[in-house]
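I have my notebook open and a fresh model to look through. Here is what I looked up, in the order I went.

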Amino acid sequence: MKQDVLVEYVRLLVEKKIKEVQLTDGTVLEWGSDEHISVLEKQLAEIQHKKNQHPRGSASRADYRRVEARLRAELKSAKNASEKKRLQEKQDDKGS
């Protein structure tokens, strides 16, 4: 019985842990928040613009392409976290 309570407590702690991200200006945002997603989308657009200023096959363009791929992965992760949070909130609302 005590072990079940402890296991449930740890599970709740892990599920409720909020992942945060710190921006270059020092602002701390919740991972997957609307503002975080907006910042990532702006950064991605800037990198794409900079990448397109370099000729294909150049080392600079390849560097920007790697940064672009990393930002896309972060954006996808943030959107998944946002969707998971919304679904969880809907479940919590239905359960109440």
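**Entry 1: the core.** I started with the largest nonpolar core of this predicted model. I count 11 residues in it: Val21, Leu23, Leu29, Trp31, Ile37, Leu40, Leu44, Ile47, Leu71, Leu75 and Ala78. Next I checked the helices, and α2 and α3 (59–95) each supply at least two residues of this core. The largest share, four residues, comes from α2. That fits a note I keep at hand: in soluble globular proteins, nonpolar side chains tend to be buried together.

**Entry 2: helix α2.** Naturally I went to α2 next. This helix runs over residues 34–52, 19 residues in all, and reaches 27 Å from its first C-alpha to its last, close to the 27 Å expected at 1.5 Å a residue. Which residues of α2 are buried? I find His36, Ile37, Leu40, Leu44, Ile47 and Lys51. They lie on the same side of α2, because they cover an arc of only 95° around the axis. On the other side of the helix I noted Asp34, Lys42, His49 and Asn52 as exposed.

**Entry 3: alanine 78.** I picked this core member and asked what it touches, leaving aside its neighbours within four places in sequence. Alanine 78 is in contact with Trp31, Gly32, His36, Ile37 and Leu40.

**Entry 4: the tryptophan ring.** Trp31 had now turned up in the core and beside alanine 78, and I wanted to see its ring. The charged end of lysine 19 sits over the ring of tryptophan 31, 4.4 Å from its centre. I also searched for aromatic pairs, and the structure holds zero.

Note on methods. Residues numbered from 1 in each chain as written. Predicted model: local features only at pLDDT ≥ 70, side-chain atom pairs only at ≥ 80, totals over all residues. Heavy atoms only, no water. Expected span 1.5 Å × (residues − 1). Buried < 20%, exposed > 50% of the residue type's maximum accessible area, 1.4 Å probe, protein only. Arc of directions from axis to C-beta. Phe/Tyr/Trp six-rings, centres within 6.5 Å; stacked < 30°, edge-to-face > 60°. Lys NZ or Arg CZ within 6 Å of the ring centre and 35° of its normal. Core = buried A, V, L, I, M, F, W, Y, C linked by side-chain atoms within 4.5 Å. Contact = heavy atoms within 4.5 Å.
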